[in-house]
Amino acid sequence: QVQLVESGGGLVQVGGSLRLSCAASGGAFSSYAMGWFRQAPGKEREFVASITWSSGYINYIDSVKGQFTISRDNAKKTVYLQMNSLKTEDTAVYSCASRAFGGGYDVWGQGTQVTVSS
């Protein structure tokens, strides 16, 4: 069965950059869109960005527009999140997820920790 694995998290200073990766493996996988979510300590998980299989539709939460960029490489079955100008408020566990057309996000990765320090 398919699984999603995130990587690329770590510790970075304010103003720095990180690129997260989410790779799919383990079998046949149909996905209309991939999304990135994050959960800060003591907070609910929130949507960050999403992208369709053709990259034709891209969406971001308002707070990261112009700061984060989502992209995907279908040949590598990988979706990326480029995070620039990082702020302490971006500190969270970042997870990727997949959904079918008209469905909810039902396949999730384990998550990768991003810590932004001052």
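User: Ser-50, buried or exposed?
Analyst: In this predicted model, Ser-50 is buried, since its relative accessible area is 12% and the limit for calling a residue buried is under 20%.

User: Which strand is Ser-50 found in, and what does Ser-50 touch?
Analyst: Ser-50 belongs to strand S5, which covers residues 46–52. Leaving aside residues up to four places away in sequence, Ser-50 touches Met-34, Gly-35, Tyr-57, Ile-58, Asn-59, Ile-70 and Tyr-105.

User: Tyr-105 is in that list; which aromatic cluster does Tyr-105 form, and with what?
Analyst: Tyr-105 forms one aromatic cluster together with Phe-37, Phe-47 and Trp-108. In the structure as a whole there are five aromatic pairs, and one of them is formed by Phe-37 and Trp-108, whose rings are tilted, at 4.8 Å centre to centre and with 50° between the planes.

User: Where do the two partners of that pair sit along the chain?
Analyst: Phe-37 lies in strand S4 (residues 33–39) and Trp-108 in strand S10 (residues 105–108), so that the pair links distant parts of the chain, 71 residues apart.

User: Buried or exposed, for Phe-37 and then for Trp-108?
Analyst: Phe-37 is buried, with a relative accessible area of 10%, whereas Trp-108 counts as partly exposed because its relative accessibility is 29%, and buried would require a value under 20%.

User: What sits over the ring of Trp-108?
Analyst: The charged end of Arg-45 sits there, 3.9 Å from the centre of the Trp-108 ring.

User: Changing topic to S9: how many of its residues are buried?
Analyst: Six of the eight residues of strand S9 (residues 92–99) are buried, and the strand is accordingly described as mostly covered.

User: And how many bridges join S9 to S4, to S11 and to S10?
Analyst: Seven bridges join S9 to S4, and these two strands run antiparallel; Ser-95 of S9 is the bridge partner of Phe-37, the residue already met in the tilted aromatic pair with Trp-108. Strand S11 (residues 112–117) is joined to S9 by three bridges, again in an antiparallel arrangement, with Val-114 as the bridge partner of Ala-92. S10 also pairs with S9 in the antiparallel sense, over three bridges, and here Val-107 is the bridge partner of Ser-98.

User: What lies between S9 and S10?
Analyst: The two strands form a hairpin with five residues between them, and in the turn Gly-102 has a positive phi of about 80°.

User: Which order do the strands of the open sheet have?
Analyst: The open sheet of four strands has the order S1-S3-S8-S7, with antiparallel pairing. Its edge strands are S1 (3–7) and S7 (68–73), each of which pairs on one side only, and the twist averages 15° from one strand to the next.

User: How many bridges join S3 to S8?
Analyst: Six bridges join strand S3 (residues 18–25) to strand S8 (residues 78–83), and the two run antiparallel; Leu-18, for example, stands opposite Met-83 in S8.

User: Zooming out, how many helices and strands does the chain have?
Analyst: The chain comes to zero helices and eleven strands. Among contacts between residues at least 6 apart in sequence, 53% join residues at least 24 apart, and 38% of the 118 residues count as buried.

User: What is the radius of gyration, and what would a compact globule have?
Analyst: The chain has a radius of gyration of 14 Å, which agrees with the value near 13 Å that a compact globule of 118 residues would have. Along the principal axes, the C-alpha atoms fill a box of roughly 45 × 25 × 25 Å.

Methods:
Residues are numbered from 1 along each chain as its sequence is written. This is a predicted model: local features need pLDDT of at least 70, side-chain atom pairs count only at pLDDT 80 or more; totals for chains, interfaces and linings use all residues. Side-chain values use heavy atoms; hydrogens and water are left out. Rings of Phe, Tyr and Trp (its six-membered ring) pair if their centres lie within 6.5 Å; planes under 30 degrees apart count as stacked, over 60 as edge-to-face and the rest as tilted. Buried means under 20% relative accessible area, exposed over 50%, partly exposed in between (1.4 Å probe, protein chains only). A charge sits over a ring if NZ of Lys or CZ of Arg is within 6 Å of the ring centre and within 35 degrees of the ring normal. Contact means heavy atoms within 4.5 Å. Two strands pair if DSSP finds at least two bridges between them. Axes are lines fitted to C-alpha atoms, for helices over the stretch in contact, and angles run from 0 to 180 degrees between N-to-C directions. The radius of gyration is taken over C-alpha atoms; the globule rule is 2.2 Å times the number of residues to the power 0.38.
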